Amino acid sequence: EICACLVGSEMCIRDRSLTGCSGFLDTTPHDSLNSDNALESMQDFDNTTNSVYESIRSASYTTEFMLMVPDVMSDNLTLNRDGRLIYNEFADFKFYADTYGVTGMWSAAYNGILGANEVITRLDGMEIAEADKKLGANLLAECLALRGMIHFDLVRLYGRNYQQASDGDLGVTYKKDTETDFPARNTAVSYTHLRAHETCAD
């Protein structure tokens, strides 16, 4: 009788565990969302725009490459040879395409561009409720400006100086889509795109 009682209790617990949480559990894993169902409300677009700023403020983008490395390479900062020498490659101009800071900046920048493109491609021409039109227009202009600014930072770091650049010089990949593949590096046409974006963002 004791065994039968225990078995009955266990069956009851199992039955409750299988049905008791169906009312509040999210059955769609957060990591299974794609751009088709991740961007549905204005809050979703706002969150994605904020993620672009998160990419910009990352250590690989702002702290290392945009603040420290230019000063190290221009001798505005003196490298402590008795320290950790974390910017030694840049101080000695012996860095390569796969050097940590170079790849980190490249990845952080294109992650931000991808987020901006998601907002731009979905908001542009989208039917928006009257109450959300102002916010939608602001987010669209904001992401256009952010995409242009990030590309400008990339071409300043990886391309030739604007005044010296010619059509034969390598620039950076100018991304206007949401694909994650990177085509071959473009030429100085990047500067032309940047000027066009300044007009669009205005």
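## Exercises on helix packing and the core

In this predicted model, Met42, Phe45, Thr48, Thr49, Val52 and Ser55 of α3 meet Ala108, Asn111, Gly112, Gly115, Ala116, Val119, Arg122 and Leu123 of α6. Keep that contact in view for the first exercise.

**Exercise 1.** Work out how the contact of α3 with α6 divides into nonpolar, polar and charged residues, and how the two helices are oriented.

*Solution.*
- Step 1: Sort the residues of the contact; you should find seven nonpolar, six polar and one charged.
- Step 2: Take the axes of α3 (residues 42-56) and α6 (residues 100-123), which are 8 Å apart and make an angle of about 160°.
- Step 3: Angles over 145 degrees count as roughly antiparallel, so α3 is roughly antiparallel to α6.
- Step 4: Check the handedness: α3 passes α6 in a left-handed crossing.

**Exercise 2.** Find which helix gives the most to the largest nonpolar core, then look at the surroundings of Leu154.

*Solution.*
- Step 1: The largest nonpolar core holds 32 residues, and Leu123, Ile150 and Leu154 have the most contacts inside it.
- Step 2: At least two core residues come from each of α3, α4 (59-73), α6 and α7 (133-158).
- Step 3: With 10 residues, α6 gives the most.
- Step 4: Now select Leu154; leaving aside residues up to four places away in sequence, its contacts include Trp106, Tyr110, Ile113 and Val172.

**Exercise 3.** Decide whether Asn117 is buried or exposed, and list what it touches.

*Solution.*
- Step 1: Locate Asn117 in helix α6.
- Step 2: Its relative accessible area is 0%, so Asn117 is buried.
- Step 3: Not counting residues up to four places away in sequence, Asn117 touches Arg147, Lys175, Lys176, Asp177 and Thr178.

How values were computed. Residues numbered from 1 in each chain as written. Predicted model: local features only at pLDDT ≥ 70, side-chain atom pairs only at ≥ 80, totals over all residues. Heavy atoms only, no water. Axes fitted to C-alpha atoms, helices over the stretch in contact; angles between N-to-C directions. Helix = DSSP H or I, 4+ residues; strand = E, 2+ residues; numbered from the N terminus. Parallel < 35°, antiparallel > 145°, perpendicular 65-115°, else oblique. Left-handed = near helix turned anticlockwise from the far one by under 90°. Contact = heavy atoms within 4.5 Å. Nonpolar A, V, L, I, M, F, W, Y, C, P; charged D, E, K, R; others polar. Core = buried A, V, L, I, M, F, W, Y, C linked by side-chain atoms within 4.5 Å. Buried < 20%, exposed > 50% of the residue type's maximum accessible area, 1.4 Å probe, protein only.
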